[in-house]
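This report describes a single protein chain, going from whole-chain properties to individual residues. The sequence and structure come first.

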Amino acid sequence: MMDVNEIREYLPHRYPFLLVDRVVELEEGKSIVAYKNVTVNEPFFNGHFPDHPVMPGVLIVEAMAQAAGILGFKTMDKKPQDGSIYYFVGSDKLRFKRPVVPGDRVMLEAEIVSERRGIWKFDVKATVEGDLVSSATILCADRKV
C-alpha cells in the first residue's frame, strides 16, 4: 500500500533510523499494519551482541512508534514538510516477549486509542511470524516545527 518512497513523505527519519520498510494496511483514523525487514547488515548489530545479534528493544519500540506516526500523519492529512513533527513522548505497559534477529520480518501494528489537544495515544504491537515480540501503549505529540 505504501512503499519506502511514500513512507519517507510521512516520516522525517532517514537511514539508518528509518525503521519502516512498507505499509501493507492503513485505515485512516483507526489502524495501520507495516513491516521492517531485519538484515544482518543493520548498523546496530556491529555493537549489540555481535556474536549473537539481537535487535535492540528501544529500536523495536521506535519502529512501532514510526508506524503509529505514519497513521497519525495520514489521519491528520499532514506531512513533516507542512511544518508538523510527531514526537514520541511516552509509553506504558511496554513488554518484550522474544528477541528479533537477522532474517526476521517484524510486523508493526498500531491502533488509535485517543487524541486530545495534539496528544495521540496508540496501542502498538510487533510480531514475527505471528509470535508477539513487543507490545505497548505509546503517546505521540503533534507539534509545529
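The protein carries 19 positive and 21 negative charges, and the mean positions of the two sets are 5 Å apart. The model is a predicted one, and every value below is computed from it.

**Overall form**

The protein contains 2 helices and 6 strands. Read from the N terminus, the order of these elements is α-β-β-α-β-β-β-β. Along the principal axes, the C-alpha atoms occupy a box of roughly 45 × 30 × 25 Å. The radius of gyration is 15 Å, which agrees with the value near 15 Å that a compact globule of 145 residues would have.

Of the 145 residues, 44% count as buried. The exposed surface of the protein comes to about 7900 Å², and carbon and sulfur atoms supply 48% of it. Among contacts with a separation of 6 or more, 60% are between residues 24 or more positions apart.

**Four strand residues**

The table places four residues in their strands and gives their relative accessible areas.

| Residue | Strand | Relative accessible area |
|---|---|---|
| S84 | strand 3 (residues 84-96) | 4%, buried |
| R105 | strand 4 (residues 105-116) | 40%, partly exposed |
| T127 | strand 5 (residues 119-128) | 10%, buried |
| S134 | strand 6 (residues 131-144) | 0%, buried |

S84 counts as buried because its relative accessible area is 4%, and buried means under 20%. Its side chain makes a polar contact with the side chain of D142, at 2.4 Å. D142 is also one of the residues that S84 touches, together with F73, K78, K79, R143 and V145, leaving aside residues up to four places away in sequence.

What does the side chain of S134 reach at 2.9 Å? The partner is the backbone oxygen of R95. S134 has a relative accessible area of 0% and is therefore buried. Beyond residues up to four places away in sequence, S134 touches I60, M64, L94, R95, F96, V124, K125 and A126. I60 and M64 are in that list, and helix 2 covers residues 57-76. L94, R95 and F96 are there as well, and strand 3 covers residues 84-96. V124, K125 and A126 complete the list, and strand 5 covers residues 119-128.

R105 is in strand 4 and, at 40% relative accessibility, counts as partly exposed. The side chain of R105 makes a polar contact with the side chain of N37 at 2.9 Å. Outside residues up to four places away in sequence, R105 touches Y35, K36, N37, T127 and V128. The C-alpha atoms of R105 and R8 are separated by 19 Å, with their positions 97 residues apart along the chain.

T127 links back to R105: the residues it touches, not counting those up to four places away in sequence, are R105, V106, M107, E109, L132 and V133. With a relative accessible area of 10%, T127 is buried. The C-alpha atoms of T127 and R98 are separated by 9.2 Å, although the two residues are 29 residues apart along the chain.

**Backbone features in the loops**

Where is the cis peptide bond that has an omega of about 5°? It joins Y15 and P16. P16 belongs to the loop between helix 1 (4-10) and strand 1 (22-27).

F49 is a residue other than glycine with a positive phi, near 55°. F49 sits in the loop between strand 2 (31-37) and helix 2 (57-76).

E129 also has a positive phi in a residue other than glycine, near 50°. E129 is in the loop between strand 5 and strand 6. Its relative accessible area is 78%, so E129 counts as exposed.

Terms used: Residues are numbered from 1 along each chain as its sequence is written. This is a predicted model: local features need pLDDT of at least 70, side-chain atom pairs count only at pLDDT 80 or more; totals for chains, interfaces and linings use all residues. Side-chain values use heavy atoms; hydrogens and water are left out. Buried means under 20% relative accessible area, exposed over 50%, partly exposed in between (1.4 Å probe, protein chains only). A polar contact is a pair of N or O atoms within 3.5 Å; within protein, one must be able to donate a hydrogen and the other to accept it, and residues adjacent in sequence count only if both atoms are side-chain atoms. Contact means heavy atoms within 4.5 Å. The radius of gyration is taken over C-alpha atoms; the globule rule is 2.2 Å times the number of residues to the power 0.38. Accessible areas come from the Shrake-Rupley method with a 1.4 Å probe; for residues, only the protein chains shown count as cover. Lys and Arg count as positive and Asp and Glu as negative; His and the chain ends are not counted. The place of a charge is taken as NZ of Lys, CZ of Arg, CG of Asp or CD of Glu.
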